[in-house]
Amino acid sequence: MKNKRTDELVLGDRVSEPIFNKDGNLLLNKGSIINYEMLAKLKMHDINYINTLDELIDENPQEGIISEETMDTSINSVKKVFDEVMIREKRGLKGTIPDAYLEMVEAVVGKIMEALKVAENLLYTVIDLMDSDDYTYKHSVNVAVLSILTAKSMNYDDQSIFKIGLGALLHDIGKANVKGKLVQKEEKLSDSEVKEMMKHPEYGYEIVKDIESLPYMTKQIVRFHHEKLDGSGYPLGIENIEIPEYIRIVTLCDMYDAMTTNRSYRKKMPIHVALEILMRDAVYKIDANVYRHFTSTICIFPPGSGVMLSDGRIGIVSKYSYHNPTRPQIKVVDLASDSDEVGIELINLDEKKTLFIVDTWDVDAFKARLSPDIFADGSDGSKLISYLNEKKQA
Ligand SMILES: [Fe+2]
């Protein structure tokens, strides 16, 4: 049980005891699941604190492969390397990465590889802990983790995995030398800014090419991670066999992570949608075999994500199954009841073969903004609210 301030309530919080107003009239039944109407009711009656059960959304649903601490130190290390390269550029020194900084990123790759060895039977769920201006660094770490996982799944040896991981971690290092502070820019870039930004693989290669201790594979990843199999990529537009498989791994992970991360100008896509788009729109650009291995390593419906089922019910994923990642365990909200008291049923899709996930809804958007009007922007939250309202009226 948790005592919460009314303005901290989120969807899924269950009221642990009946709530009465000052006149002794019942406002909410025990077990009610908070929605925006109830929130308004509580505010109207000056109820500032209530006790909740917090059953629907687990606080710590399932442990991630990479701890937040490792993610945090990895992101910081990448940031330090970027800062150093930027400082050198400003001072007119030749772009390179000093040894001490190289050792730091090598240690990060080693740490990620160690963590992945321990977590053999876990699927990767991206941890969202970034400040917006950390995007490039967080993205680099995510791409490194995803690339290492995919290379592992494809049976690369440890030495090659290390070189790929290092390449993935440094793949965007050229952005440090992009003109006009575009790396930190959160707004959508103009056409000319995009053009400048597209030079980052070449800038990156300039930075790494003469560093003797850096492996060849790592340098090639920095140089060619935006090349596509159909020749539509950059900087050279090379195609098919000209692009080694280890580069294709990083390219795919880079594309995927960009699609599934929130930016100020674009909302992140749900994982299953990003995977569909990659397979549908990018089918000639990416390597199908790499894609197959990649999808076996990531968690498609991470614990805590909102889903809609084929029977019309909604719920929140509480646990995934490593062997059957599209059929997780779900806490389903039973909205059929007329009363405010809404039941929660635990369903294991692995056992209920006739049920399947047809859609997702954005729990974060809903949690962040518990009011009806703010969903007018067409975000996933509106779908959920109208669904909840329809159900209530029916
Ligand atoms: Fe890039």
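**Figure 1. The 4 donor atoms around the iron ion form an irregular arrangement.** The angles that these donor atoms subtend run from 85 to 173 degrees, which makes the arrangement irregular. Four donors would count as tetrahedral only if all angles lay between 85 and 135 degrees. In this predicted model, the iron ion is coordinated by OD of Asp172 and by NE2 of His200, His225 and His226. The coordinating distances are 2.1 to 2.2 Å. Along the sequence, the donor residues follow the spacing D-x27-H-x24-H-H. His200 belongs to helix α7 (residues 200-208), whereas His225 sits in the loop between α8 (216-224) and α9 (245-259), so the pair ties together parts that are 25 residues apart in sequence. Both His200 and His225 are buried.

**Figure 2. The iron donor Asp172 also takes part in a salt bridge with Lys175.** The closest N and O atoms of Asp172 and Lys175 are 3.2 Å apart. Asp172 counts as buried because its relative accessibility is 2%. Its partner Lys175 is likewise buried, with a relative accessible area of 12%. This contact is one of 9 salt bridges in the structure.

**Figure 3. Glu196 and Lys199 are joined by a salt bridge between their side chains.** The N to O distance in this pair is 3.5 Å. Glu196 has a relative accessibility of 12% and therefore counts as buried. Lys199, by contrast, is partly exposed at 38% relative accessibility.

**Figure 4. Lys209 and Glu206 form a further salt bridge.** Here the closest N and O atoms lie 3.2 Å apart. Lys209 is partly exposed, its relative accessible area being 30%. Glu206 is also partly exposed, with a relative accessibility of 41%.

**Figure 5. The loop between α8 and α9 contains Pro235 and Asn240.** A cis peptide bond connects Tyr234 to Pro235, with an omega of about 10 degrees. Most residues other than glycine have a negative phi, and most peptide bonds are trans. Asn240 is not a glycine, yet its phi is positive, at about 35 degrees. With a relative accessible area of 40%, Asn240 is partly exposed. The loop between α8 and α9 also holds the iron donor His225, which is buried.

**Figure 6. Asp46 has a positive phi in the loop between α1 and β4.** The phi of Asp46 is about 55 degrees, although this residue is not a glycine. The loop that holds Asp46 runs between α1 (36-44) and β4 (49-52). Asp46 is exposed, with a relative accessible area of 51%; the cut-off for an exposed residue is a value over 50%.

**Figure 7. Met279, Val283 and Tyr284 make a nonpolar patch on the surface.** The area of this patch is about 300 Å². One of its members, Val283, is placed in the loop between α10 (271-281) and α11 (288-295). Val283 is partly exposed, with a relative accessible area of 33%.

**Figure 8. His323 and Leu123 are separated by 200 residues in sequence and by 9.9 Å in space.** The spatial separation is taken from C-alpha to C-alpha. His323 lies in the loop between β6 (314-319) and β7 (329-334). It is exposed, with a relative accessible area of 72%.

**Figure 9. The close-up views belong to a protein chain with 13 helices and 9 strands.** Of the 394 residues in the protein chain, 51% are buried. Among contacts with a separation of 6 or more, 64% are between residues 24 or more positions apart. The accessible surface of the protein chain comes to about 18900 Å², and carbon and sulfur atoms account for 50% of this surface.

Conventions. Residues are numbered from 1 along each chain as its sequence is written. This is a predicted model: local features need pLDDT of at least 70, side-chain atom pairs count only at pLDDT 80 or more; totals for chains, interfaces and linings use all residues. Side-chain values use heavy atoms; hydrogens and water are left out. Patches are made of residues with over 30% relative accessible area and no salt bridge: like charges are joined within 9 Å, nonpolar side chains (Val, Leu, Ile, Met, Phe, Trp, Tyr) within 5 Å. Accessible areas come from the Shrake-Rupley method with a 1.4 Å probe; for residues, only the protein chains shown count as cover. A salt bridge is a side-chain nitrogen of Lys or Arg within 4 Å of a carboxyl oxygen of Asp or Glu. Helices (H or I, at least four residues) and strands (E, at least two) are DSSP runs, numbered from the N terminus. Buried means under 20% relative accessible area, exposed over 50%, partly exposed in between (1.4 Å probe, protein chains only). Donors are N, O and S atoms within 2.8 Å of the metal (3.2 Å for Na, K and Ca); water is not among the atoms, so sites may look incomplete. Four donors count as tetrahedral if all angles lie between 85 and 135 degrees; four count as square planar and six as octahedral if opposite donors are over 155 degrees apart and all others between 65 and 115; anything else is irregular. Contact means heavy atoms within 4.5 Å.
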